[in-house]
Amino acid sequence: MTENENADNESPAARRLAAIARLTVDRSNQITWYCRGCDKPIKNGKGYLVADEWAAGQKKRRWKELAKDRKPGDIIAFQKLEEGEWDELFDLVPWAAWHRSCDTTRQRVEYWFPIEDIRTVDDFLHWNSHLMEKPWLEYTNWRDLSSSLSHGMRRAVRLEAGERG
Ligand SMILES: [Zn+2]
């Protein structure tokens, strides 16, 4: 690996992209989720979609703390920022799809649901409205996940059009 590739992999944008759970959507709006561990499709009953709710809650608390006592024009109280904390502050807590058998991450308080409960675009919308109630959601990459889903849907439409043409 060259130095450039290395640097690119560690850029915030690349990190953010890499953190999005991999999925594909077919023309009938069925979602296939790929395991974070082995990258194979996850069958019903074999895995889940999960986020570290505790970490997202911590991030929310930290943002609130840093928002107190900030000087005019600052987004946070920089004097309270710990060494090296700035980058980390903008990292969103990732949602990840895992096979139960592949998941080696042990998180403190996880929010998860079985993969069979989020198999279609309708399912996704259902969870979306449910999760919108959670105060910690905006500290996760759920928004990236939904834009990945919408890209997947558009790709499915284009593929079908291509096959016909
Ligand atoms: Zn796996």
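This passage describes the overall fold, the nonpolar core, two backbone features and the model confidence of a predicted structure.

The protein chain, examined here as a predicted model, comprises six helices and five strands, and from the N terminus on these elements follow the order α-α-β-β-β-α-α-β-β-α-α. The C-alpha trace of the protein chain spans about 60 × 40 × 30 Å along its principal axes. Of the 165 residues in the protein chain, 22% are classed as buried. When contacts between residues at least 6 apart in sequence are considered, 77% of them join residues that are at least 24 apart.

The largest nonpolar core consists of 25 residues, within which Ala21, Trp33, Leu49, Trp95 and Ala97 have the most contacts. Two or more residues are given to this core by each of the strands S1 (23-25), S2 (31-33), S3 (47-52) and S4 (95-99), and likewise by helix H3 (53-67) and helix H6 (142-164). The surroundings of Ala21 illustrate how these parts of the chain come together: once residues up to four places away in sequence are set aside, Ala21 touches Trp33, Leu49, Trp95 and Ala97, together with Arg36, Ala96 and Leu145.

Two aspartates have positive phi values although neither is a glycine. For Asp39, which lies in the loop between S2 and S3, phi is near 65°; this residue counts as exposed because it has 9 C-beta neighbours inside 10 Å, the limit for that class being 12 or fewer. For Asp69, which is found in the loop between H3 and helix H4 (85-90), phi is about 60°, and this residue likewise counts as exposed because its C-beta neighbours inside 10 Å number 11.

Confidence in the model varies along the chain. The mean pLDDT of the protein chain is 88, with 92% of its residues reaching 70 or more. Among the elements, S2 has the highest mean pLDDT, at 97, whereas helix H1 (residues 3-9) has the lowest, at 49. Over residues 1-7 pLDDT stays under 50, and for this stretch the model has one contact beyond four places in sequence. Where pLDDT is low, the predicted coordinates should not be read in detail. Strand S2, by contrast, combines the highest mean pLDDT among the elements with a contribution of two or more residues to the largest nonpolar core.

Definitions and conventions: Residues numbered from 1 in each chain as written. Predicted model: local features only at pLDDT ≥ 70, side-chain atom pairs only at ≥ 80, totals over all residues. Core = buried A, V, L, I, M, F, W, Y, C linked by C-beta atoms within 7 Å. Buried ≥ 20, exposed ≤ 12 C-beta atoms within 10 Å, placed from the backbone. Helix = DSSP H or I, 4+ residues; strand = E, 2+ residues; numbered from the N terminus. Contact = placed C-beta atoms within 7 Å. pLDDT = per-residue confidence, 0-100.
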